Amino acid sequence: MVNERFAQLIARKFSGEANQAELHELETLLKENPQSQYFFEILSEYWEMKAVPENDSIQEDVHFQQILAIAEKGTGEPADVPVQPAKKGGNVFQLRKLLVAAGIIGLIISAYVLIPGSGASGTNNPAQSEIITAKPGARMYMLLPDGSKVWLNSESKLEYKKGFNDSIREVTLEGEGFFDVVKDKKHPFIVHTSDIDIKVLGTAFNVKSYPTESYIETTLLRGIIEVTNKKDPASPKVLLYPHDKLVFNKERRSPNKVVPLGNEELALATPFEKTTLSKKIADSALAETSWLYNKLLLDGETLRQSEAKLERWYNVNIHFKDDKVGNIPIRYPLSNETIEQALKALQYVEPFNYRINGNEIEIWRKRS
């Protein structure tokens, strides 16, 4: 019933019939269910574009169908839809379409949260936390209760407490996420990962922290962030400025740790490594943030080094059948290609054979 009510409130808001109580109710529902913000923004985008010349009505109707297709997919990817004749009727027809869309969106929200295997899921645990998950092969967008925007990459999870806005705004990330944080000096925003904490006031940055990888990356696009080593909180904090990239080596998480090196012992250096990215490169062309634009950039990595990225991107498991394949650096952008199309393209860089069986992929060296 909550989703039905949500759909009704959306339709009344866009038709201009919602009273102050209903607007307040809608605002409350959006804050309590931030994953619903994605669909609300999709409808908002369409409503703002409704005023078009009459001879453009067919194109407008196609655009509307594309928006619904995007919503159903749960990703930011465009979808091909058939062109159907649009009916005339001005705002009455617009409202009729929005009412239908609101009903569809209500159903989508139910499926999006409850059906296993959908692109994302939201659950409540006993500690009254909201957990949002982007499953393998999917990417998603959401709004936090404070209005901050979050994009989650494949196989990522974001968790936050119900009292998110009460004092400190805290989230816990496992995987990769991009954050565009609303500025609020009274309520600092902190991203917790397995080994580092990232504190901000208002900024845009990317964090990559997969549990299976030996490093954590954070890349700042706007504002300032402060990074703390959770395993050594007394160590100096690291400040990042726009276009700075920080890599945290989990194997060096303790600066006092020593490892054997022949007959000697080598004290490991700081676990942090900071570099500055070129400001001339667009965000969509940066390997660190290209996934936001539905692009996977293999920028100088070998096929083996790209194994985990490809597995998450396509929701597959890759198996190398010999040690001599997959060691040539690759510079290749992937976008809407299927995994088979991607493998065929990569064969031009390094000759290899492959076999696809469902989600399992075997790769071996091509014999001369």
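Eleven salt bridges are counted in this predicted model, and several of them join residues that are well separated along the chain, as with Arg222 and Asp180, which are 42 residues apart in sequence. The protein chain is built from seven helices and 21 strands, and buried residues account for 46% of its 368 residues. Among contacts with a separation of 6 or more, 49% are between residues 24 or more positions apart. The points below take up the salt bridges, the nonpolar cores, the surface, and some individual strands and loops.

**Salt bridges**

- Side chains of opposite charge can pair when their charged atoms come close.
- Arg222 and Asp180 meet through their side chains in a salt bridge, with an N to O distance of 2.5 Å. Because Arg222 belongs to strand β10 (residues 215-222) and Asp180 to strand β6 (residues 169-180), this pair ties together parts of the chain that are 42 residues apart in sequence.
- Both partners of that bridge are partly exposed, Arg222 at 43% relative accessibility and Asp180 with a relative accessible area of 22%.
- A salt bridge also joins the side chains of Asp197 and Lys230, at 3.9 Å from N to O. Asp197 sits in strand β8 (residues 196-200), whereas Lys230 sits in the loop between β11 (225-229) and β12 (238-240), so the bridge ties together parts that are 33 residues apart in sequence.
- Within this pair, Asp197 counts as buried at 18% relative accessibility, since the limit for that class is under 20%, while Lys230, at 34%, counts as partly exposed.
- Glu362 and Arg355 form a salt bridge in which the closest N and O atoms are 2.5 Å apart; Glu362 is partly exposed at 25% relative accessibility, and Arg355 is likewise partly exposed, with a relative accessible area of 45%.
- Glu217, Lys245 and Glu288 are linked to one another in a network of salt bridges.

**Nonpolar cores**

- In soluble globular proteins, nonpolar side chains tend to be buried together.
- The largest nonpolar core has 30 residues, and the members that touch the most others are Leu144, Leu158, Val171, Phe179, Phe189, Ile198 and Phe205.
- Apart from this core lies another one, of 26 residues, which includes Ala204, Trp291, Val325 and Leu343.
- Which residues is Ile198 in contact with, leaving aside its neighbours within four places in sequence? The contacts of Ile198 are Phe189, Ile190, Val191, Phe205, Val207, Thr218, Ile225, Glu226 and Val227.

**Surface**

- The accessible surface of the protein chain comes to about 19,300 Å², and carbon and sulfur atoms contribute 52% of that area.
- Ile224, Leu239 and Tyr241 form a nonpolar patch on the surface, and together they have about 270 Å² of accessible area.
- Ile224, a member of this patch, lies in the loop between β10 and β11 and counts as partly exposed at 47% relative accessibility.

**Strands and loops**

- Strand β17 (residues 296-302) is mostly covered, with five of its seven residues buried.
- β17 pairs with strand β19 (residues 329-334) in the antiparallel sense, over six bridges, and Asp299 has Arg331 in β19 as its bridge partner.
- Thr228 is placed in strand β11 and is buried, with a relative accessible area of 15%. Beyond its neighbours within four places in sequence, Thr228 is in contact with Asp195, Ile196, Asp197, Pro233, Lys237 and Phe272, and one of these, Asp197, is the residue whose side chain forms the salt bridge with Lys230.
- Is Ser154, in the loop between β4 (149-152) and β5 (156-161), buried or exposed? At 1% relative accessibility, Ser154 counts as buried.
- Setting aside neighbours within four places in sequence, Ser154 is in contact with Ala134, Lys135, Pro136, Gly137, Ala138, Arg139, Tyr210, Arg312 and Trp313.
- Ser154 and Gly177 are separated by 23 residues in sequence, and their C-alpha atoms are 9.3 Å apart in space.

Conventions
Residues are numbered from 1 along each chain as its sequence is written. This is a predicted model: local features need pLDDT of at least 70, side-chain atom pairs count only at pLDDT 80 or more; totals for chains, interfaces and linings use all residues. Side-chain values use heavy atoms; hydrogens and water are left out. A nonpolar core is a set of buried Ala, Val, Leu, Ile, Met, Phe, Trp, Tyr and Cys residues joined through side-chain atoms within 4.5 Å. Buried means under 20% relative accessible area, exposed over 50%, partly exposed in between (1.4 Å probe, protein chains only). Contact means heavy atoms within 4.5 Å. A salt bridge is a side-chain nitrogen of Lys or Arg within 4 Å of a carboxyl oxygen of Asp or Glu. Helices (H or I, at least four residues) and strands (E, at least two) are DSSP runs, numbered from the N terminus. Accessible areas come from the Shrake-Rupley method with a 1.4 Å probe; for residues, only the protein chains shown count as cover. Patches are made of residues with over 30% relative accessible area and no salt bridge: like charges are joined within 9 Å, nonpolar side chains (Val, Leu, Ile, Met, Phe, Trp, Tyr) within 5 Å. Two strands pair if DSSP finds at least two bridges between them.
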